[in-house]
Amino acid sequence: MSPRDVYVLGGNRIPFVRSGGKYLKASNQDMLTAAIDGLVSRHDLSGERLGEVAAGAVIKHARDFNLTRESVLGSHLSPQTPAYDVQQACGTGLEATILVANKIALGQVDSAIAGGTDTTSDAPLAINDDLRRTLMMVNYAKTPQQRLKALTKIRPGQFAPEQPKNAEPRTGLAMGDHQAITTKEWGISREAQDELAALSHQNLAAAYGRGFFDDLVTPYLGVSKDNNLRPDSTPEKLAKLKPVFGKGEGATMTAGNSTPLTDGASVVLLGSADWAQERKLTPLARFVDGETAAVDYVHGGEGLLMAPPYAIARLLQRNGLTLQDFEFYEFHEAFASTVLCHLAAMESPEFCKERLGLDEPLGSVDRSKLNVNGSSLAAGHPFAATGGRIVASLAKMLHEKGSGRGLISICAAGGQGVVAILEAV
Amino acid sequence: MADGYSNFVNKNPLGKKLAGQFGLPKPPVLRRYEPGQELTTGPVAIGSFDGGKVASALIDIVESSGAVVVDATPEATYEKGSLGAAVYDATGLRTIDDLEILRATLAPAVKALGKNARVLIIGTPPAEQDRPEAAATQQALEGIMRSIGKELLRGATANLIWLSGDAFDEPEVLASPVRFFLSSRSAYVGGQPLRVGKAVVPQVADWRAPLQGEVAVVTGAARGIGAKIAEVFARQGAAVIVVDIPAAGESLSKVANKIGGVALQLDITAPDAGQKIAEAVARKGDKLAAIVHNAGITRDKLFVNDDAARWGSVIAVNIKAEMAINATLLDPALPGGLKDGGRIIGVASTSGIGGNRGQANYAASKAGVMGLVRAEAPELAPRQITINAIAPGFIETEMTAKIPLATREVGRRINALMQGGQPVDVAEAIAFLAEPGSAGVTGQVLRVCGHSQLGA
């Protein structure tokens, strides 16, 4: 069967909430279920069997081995809807979207939900590795004597839990520290970062004000708006914050121009044209194509979060487009400087020639088309939930505009980047 | 979910004893509708004056609903507490002396009523009479009905239908109203006169699920009465679109998923609210069969202390939004708009009839809803669209739970049933008005107040 068109038909997310807040007692499964149920109620899907649901979480408990399927079973979708977990760090939600879109394109399924959820409030605490190994030995002991011998190896120090770390396993550096190095390399100023951050807050506040999120967000646990949002944010206020990443004089990254740890979940509904028509659902945008890239940040070849320009270059080339052929750009703001580094890299003739192998630089992005309804800095960034938030919002923006394309770019841990193109219908 | 006092005097052994010793009021436990339930709790005694204009139609309606009919005459005898209802066709009464025949026929039947039984009198509108005595006689029916209603015990209620003379030959307009008043769906409706006029009544395959295949919209549906309306509409077969403000989206979504409906997060005061509703309807079907304007807010303040902001917000949500949305949905060319034969139901309040201290703004909006339906009904009649309002009395909701105890107890007890109503009671009455069979009911305000003294 030849590929067919795939459409984004709607989306839903719960408000994103700073970790340690109102979602403290909500698990990943709770939040993903709530996000799915909101989507179900908005699109009349109660009791429906969909082609599949693909979603995931970056930080998962051992008990969440089948997180997405369990969430489907807890939702109002038909229990006959199959589901599977995906995990590609912060790219999870968008990667899940690409996966289900591909299946729809191939005719393997007619409809699907893609999404993601994450909570750093309900993060798993692993027991100390030493204690764990000792307990395993107790478990496998064949005789009482062996068991007793194994138990005597337990020491008080082993009861301290493993501390969850927000660090790259291969470098031991936190993501912010990695980005601080890249920020310095590209010479991104503090002012430019604060300006981007303030604009993100102002744009998100304005979008809420005009009811843009009325059909994209369903309140959860009494929260009806992203609580990281600071509508009165200005570069002047942000300039007062102390740097938290990087060291010494040149440190520019603060809590204000970096995205805080956040809890939340998001999902998007995709389908074929026929399926949408049968259900009288309005296609918001066509899913055109997606691309994923990875860079060697371990051996110093590239910055940890610099994969998106590589992915964008390949995606544009494959689709015969230039970077300027877009009405909207949705660049995930892991840090304000990440976005600014990507923009600088794509403008740089050296980077584009030497790293991307292009004759001409990709060029500039019209900044008035960038993250026009706010992005991660203001909304927050529950890792796997970010893709679903962006896909649904961009699809709606394109539908409102009635024409044009949108480019999504998401950087991810492990030196990866996931990007995609949507087109108005 | 009866109130604490009712539970105490009805269920607690000490409460029962105390109530008996001191003659405390014992609020009856009302029979409420469950699918598959019989129309009445026992046989229906039907009597008439001078053969009646619609007596045979009444017998057909009751018998086709599965109940047993017995002939009510002054000589008839009944077993005590056996009857499920007493119905009297008084459409032929023209002189004051005729009322004695009604008394002689109806009294023995009323005396034999069982628990949760019904009294229903069918008259004809006094205003249609050409002689003053005939008008007086028909008007007398209201006084009789209301008085009987206050004498009835154990959950029984009395109501009156005034059937237009031009509908005597096509009495199918009576079927839905009679079934409603005789059934447990009208558990908390008492002492009410309802005018039924001539109308084209569409064929309905199943009168127990009369909204099958239809699309209905309920605003303010995230909780309380609105959520219950949505549930009852779903039970009646409708595909329901539930609407509430985005901030209430969490519970709205739960309501929608519970009944297999659609959640629409929408501020009804937004300029494009009607358009958004129509778009949602068009995704479910071609046209809208019924819209219930249930969304409402209170911003209580003494009239002399009220301000423009508070006053304006109550007016904007409770009546202006309703008018604007109706105007949009009544465009016959609009996909997802209200269909010919459609139903508009506003939610008023007995506060809009009797007024309430500190509620001038609220009462203004709710009285406005009543004025609106009365004025708009004749305009919509050519398209067979009906528009009515429900005026709830004291209903047990989160809102009334916040009323101070003493005031709340007065509100609860000062009605013929000595208790507050449940949200489902309001929902049932609204669903009745939304039925295709209620085509003859328009421009009316039906109170769901347990035959309350307030706002009488």
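This tour goes through a predicted model, beginning at the contact between chain B and chain A and ending at the annotated positions of chain A.

**The contact between the chains**

Begin by selecting the residues at which the two chains meet: 18 residues from chain B and 20 residues from chain A take part in the contact. Between them, chain B and chain A bury about 1,400 Å², of which 42% lies on carbon and sulfur atoms. If you then display polar contacts across this boundary, the count is 11 residue pairs, with both residues at pLDDT 80 or more.

With chain B selected, look for the elements that each supply at least two residues to the side touching chain A, namely α8 (249–259), β9 (262–265) and α9 (273–284). Colour α8(B) separately, since the largest share of that side, six residues, comes from this helix. Colouring by residue class, you should find six nonpolar, seven polar and five charged residues on the side of chain B that touches chain A.

Turn next to the salt bridges, of which two are found across the interface of chain B and chain A. To see a salt bridge here, select Asp44(A) together with Lys284(B), whose closest N and O atoms are 2.3 Å apart.

**The annotated positions of chain A**

Now move to chain A and select Cys90(A), His381(A) and Cys411(A), which an unreviewed UniProt entry lists under "active site". Although these positions are spread over 322 residues of sequence, they cluster in space, and the largest C-alpha distance is 11.8 Å.

Centre the view on His381(A), which sits in the loop between α13 (376–379) and α14 (386–401) of chain A. His381(A) counts as buried because its relative accessibility is 6%, under the 20% cut-off. Leaving aside residues up to four places away in sequence, His381(A) touches Cys90(A), Thr259(A), Pro260(A), Thr262(A), His332(A), Ser376(A) and Thr386(A).

Finally, select Cys411(A), whose place is in strand β11 (residues 405–412) of chain A. Is Cys411(A) buried or exposed? With a relative accessible area of 2%, Cys411(A) is buried. Show its surroundings as sticks: again without residues up to four places away in sequence, Cys411(A) touches Cys90(A), Leu305(A), Pro308(A), His332(A), Ala334(A), Thr338(A), His342(A), Gln416(A) and Gly417(A). As a last selection, take Cys90(A) and His332(A), which are among the residues touched by His381(A) and also among those touched by Cys411(A).

Terms used: Residues are numbered from 1 along each chain as its sequence is written. Chains are lettered from A and ligands numbered from 1 in the order in which they are written. This is a predicted model: local features need pLDDT of at least 70, side-chain atom pairs count only at pLDDT 80 or more; totals for chains, interfaces and linings use all residues. Side-chain values use heavy atoms; hydrogens and water are left out. Contact means heavy atoms within 4.5 Å. Buried area is the accessible area (1.4 Å probe) that two parts lose on being put together, summed over both. A salt bridge is a side-chain nitrogen of Lys or Arg within 4 Å of a carboxyl oxygen of Asp or Glu. A polar contact is a pair of N or O atoms within 3.5 Å; within protein, one must be able to donate a hydrogen and the other to accept it, and residues adjacent in sequence count only if both atoms are side-chain atoms. Helices (H or I, at least four residues) and strands (E, at least two) are DSSP runs, numbered from the N terminus. Ala, Val, Leu, Ile, Met, Phe, Trp, Tyr, Cys and Pro count as nonpolar, Asp, Glu, Lys and Arg as charged, and the others, Gly among them, as polar. UniProt positions are given in the numbering used here, feature names are shortened, and annotations may be inferred rather than shown by experiment. Buried means under 20% relative accessible area, exposed over 50%, partly exposed in between (1.4 Å probe, protein chains only).
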